[in-house]
Amino acid sequence: EDGLKKDESKAQLKAGVNEFIDALKATLQAGTIDGGASLDMGPDALTFVAGGFVADPAKIESGLKKIVEAAKTEKPADIEKAGIKWSAETHKDVTFHTASAPIEGDGDDEENARKLFGDKVDMVVGIGAKAVYFAVGRDALATVKKVIDDSAAAPAKATVPMEMTVALGQIMNAAQGFADEDDKPQIEMIANMLANEAEGRDHVRMSAQPIENGVRMRIEAEEG
């Protein structure tokens, strides 16, 4: 709140956050928690996508619009650069709002960001009948559409309460592009070993299963 100078923008921001809180309350009252996320990255690309059940997605949409209005009240030029498009596209029952913010500056952080995102950071928020989706990075819109289609292709699929999978080869491959010169040879050696010898067995998985009066957690590291 200290970063905002105008009372109007403070009121808009507060109203937007209240919409998010209302959506969270409605979702908790519905008694269902269901969501997932995926991060796909390499030395020159990053795409993150997430989505989940929300009991009242309209609250998320209206909250976003209020927060954008707050930002526009404070810094209209920045919002203009962000290239926000409301209802830019639809897919099935999901309406997508998009933004494409330019990466400005010549520092190391900006150069690293350009490696991953290009000259602009593409962002997508999808509002469905009972779901909200978010994606950022290269091919963000196409990626979130594929996630929606893949999920629809396997309805009512049995899943554990919580599961997470990490591919170490992908992490090491991405790390090569950002490592210091001193660390680069070691990271490159590990990345090559995982690529050539692990034969795809480079995953660490964590899952949870319900048991009587508790939860059983399992961590599995593949042979590679």
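A residue counts as partly exposed when its relative accessible area lies between the 20% that marks the upper limit of buried and the 50% above which it is exposed. Keep that scale at hand, because Lys59, at 27%, is partly exposed by it, and Lys59 is one of the stops on this tour. One more thing before you start clicking: the model is predicted.

**The whole chain**

Start with everything shown as a cartoon. You should be able to pick out seven helices and nine strands. The C-alpha trace spans about 60 × 55 × 35 Å along its principal axes. Now switch to a surface view: about 14,300 Å² of the protein is exposed, and carbon and sulfur atoms supply 52% of that area. Of the 224 residues, 27% are buried. If you draw contacts and keep those with a separation of 6 or more, 55% of them join residues 24 or more positions apart.

**Helix α1**

Select residues 7-30, which form helix α1. A quick check with the distance tool works well here: at 1.5 Å a residue, 24 residues should span 34 Å, and the end C-alpha atoms are 35 Å apart, so the two agree.

Next, color Ser9, Gln12, Gly16, Glu19, Ala23 and Thr27, which are buried residues of α1. Notice how they are spaced along the helix. An α-helix has 3.6 residues a turn, so residues three or four places apart point the same way. What lies over the buried residues of α1? Show β2 (45-53) and α2 (57-74), which are included in their cover. Before leaving, step just past the end of α1 to Gly31, where phi is positive, about 80°.

**A salt-bridge network**

The structure holds twelve salt bridges. Select Glu19, Asp22, Lys59 and Lys66 as sticks, since salt bridges link these four in a network.

Zoom in on Glu19 and Lys59 to begin with: they form a salt bridge whose closest N and O atoms are 3.4 Å apart. This pair connects distant parts of the chain, with Glu19 in helix α1 and Lys59 in helix α2, 40 residues apart. Is Glu19 buried or partly exposed? Its relative accessibility is 12%, so Glu19 counts as buried.

Now turn to Asp22, which also forms a salt bridge with Lys59, the closest N and O atoms being 3.8 Å apart. Here too the partners come from distant parts of the chain: Asp22 belongs to helix α1 and Lys59 to helix α2, 37 residues apart. Asp22 has a relative accessibility of 32% and therefore counts as partly exposed.

**The largest nonpolar core**

In soluble globular proteins, nonpolar side chains tend to be buried together. To see this model's largest nonpolar core, select Val49, Val94, Phe96, Val124, Ala131, Tyr133, Ala135, Ala140, Val144 and Ile148, ten residues in all. Two or more of them come from each of β4 (94-102), β6 (131-137) and α5 (140-152). Apart from this core lies another, of seven residues, including Ala113, Leu116, Val121 and Val136.

Center the view on Ala140. Leaving aside residues up to four places away in sequence, Ala140 touches Asp122, Val124 and Ala135.

Stay in this part of the tour for Thr98, which sits in strand β4. Thr98 has 18% relative accessibility, so it counts as buried. With the same sequence neighbors set aside, show its contacts: Gly83, Ile84, Lys85, Ala88, Met123 and Val124.

**A nonpolar patch on the surface**

Go back to the surface view and color Met162, Met164, Val215 and Met217: together they make a nonpolar patch of about 360 Å². Strands β7 (162-167) and β9 (214-221) each supply at least two of its residues. Met164, found in β7, has a relative accessible area of 42% and so is partly exposed.

**Last stops**

Select Asn192 in helix α7 (residues 184-196). Its relative accessibility of 37% is why Asn192 counts as partly exposed. Add Asn173 and draw the C-alpha to C-alpha distance: 8.4 Å in space, for residues 19 apart in sequence.

Finish at Glu222 and Arg205, whose side chains meet in a salt bridge of 2.9 Å, N to O. Glu222 is in the segment after β9 and Arg205 in strand β8 (residues 203-211), and the pair links distant parts of the chain, 17 residues apart. At 23% relative accessibility, Glu222 counts as partly exposed, and Arg205 does so at 27%.

Methods. Residues are numbered from 1 along each chain as its sequence is written. This is a predicted model: local features need pLDDT of at least 70, side-chain atom pairs count only at pLDDT 80 or more; totals for chains, interfaces and linings use all residues. Side-chain values use heavy atoms; hydrogens and water are left out. Helices (H or I, at least four residues) and strands (E, at least two) are DSSP runs, numbered from the N terminus. The expected span of a helix is 1.5 Å times one less than its number of residues. Buried means under 20% relative accessible area, exposed over 50%, partly exposed in between (1.4 Å probe, protein chains only). Contact means heavy atoms within 4.5 Å. Patches are made of residues with over 30% relative accessible area and no salt bridge: like charges are joined within 9 Å, nonpolar side chains (Val, Leu, Ile, Met, Phe, Trp, Tyr) within 5 Å. Accessible areas come from the Shrake-Rupley method with a 1.4 Å probe; for residues, only the protein chains shown count as cover. A nonpolar core is a set of buried Ala, Val, Leu, Ile, Met, Phe, Trp, Tyr and Cys residues joined through side-chain atoms within 4.5 Å.
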